[in-house]
Amino acid sequence: MLRELVLAIGIPLLVLLLALLALERWGDQLPGWLRRLVKRPSWLWNCGIVLIVGLQLLRWLLRH
């Protein structure tokens, strides 16, 4: 039971955290096209990620 929760929620959150830390640390050394993407507002991306994680958690809760 805990294993499925870690797989459904933990791994995507870990990947997002590592990507955020990488952007904070090496943001000025990114290629030009990626630097332009970093400067854009990210509310749509954040809402999508929250929706995915929330739906995974709901699916997990309904199965158990």
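Hi everyone, this is a short walk through one small set of results on the structure above.

Let me start with the caveat you would all ask for: this is a predicted model. The mean pLDDT for the protein is 77, and 91% of the residues reach at least 70. Which element scores lowest? Helix 2, covering residues 32-39, has the lowest mean pLDDT, at 71. At the other end, helix 3, residues 43-63, has the highest, with a mean of 80. As a general reminder, coordinates should not be read in detail where pLDDT is low.

Now the fold. We have 3 helices and 0 strands, so in order from the N terminus the elements simply read α-α-α.

What about the overall dimensions? The C-alpha trace spans about 45 × 20 × 15 Å along its principal axes. The radius of gyration is 15 Å, whereas a compact globule of 64 residues would come out near 11 Å.

On to the surface. Buried residues account for 9% of the 64 in this protein. The total accessible surface is about 5800 Å², and carbon and sulfur atoms contribute 71% of that.

One surface feature I'd like to show you is a nonpolar patch built from Leu14, Leu17, Leu18, Leu20 and Leu21. Together these leucines offer about 490 Å² of accessible area. Let's take one of them, Leu14, which sits in helix 1, residues 2-26. Why does Leu14 count as partly exposed? Because its relative accessibility is 47%, and partly exposed runs from 20% to 50%.

My last stop is Gln56, over in helix 3. Gln56 is also classed as partly exposed, because its relative accessibility is 26%. Which residues does Gln56 touch, once we set aside neighbours within four places in sequence? The answer is Ala8 and Ile9. For a sense of distance, take Gln56 and Arg25: they are 31 residues apart in sequence, and their C-alpha atoms lie 30 Å apart in space.

That's the tour, friends. Thanks for listening, and I'm happy to go back to any of these residues on the screen.

Technical notes. Residues are numbered from 1 along each chain as its sequence is written. This is a predicted model: local features need pLDDT of at least 70, side-chain atom pairs count only at pLDDT 80 or more; totals for chains, interfaces and linings use all residues. Side-chain values use heavy atoms; hydrogens and water are left out. Patches are made of residues with over 30% relative accessible area and no salt bridge: like charges are joined within 9 Å, nonpolar side chains (Val, Leu, Ile, Met, Phe, Trp, Tyr) within 5 Å. Accessible areas come from the Shrake-Rupley method with a 1.4 Å probe; for residues, only the protein chains shown count as cover. A salt bridge is a side-chain nitrogen of Lys or Arg within 4 Å of a carboxyl oxygen of Asp or Glu. Helices (H or I, at least four residues) and strands (E, at least two) are DSSP runs, numbered from the N terminus. Buried means under 20% relative accessible area, exposed over 50%, partly exposed in between (1.4 Å probe, protein chains only). pLDDT is the predictor's confidence in each residue, from 0 to 100. The radius of gyration is taken over C-alpha atoms; the globule rule is 2.2 Å times the number of residues to the power 0.38. Contact means heavy atoms within 4.5 Å.
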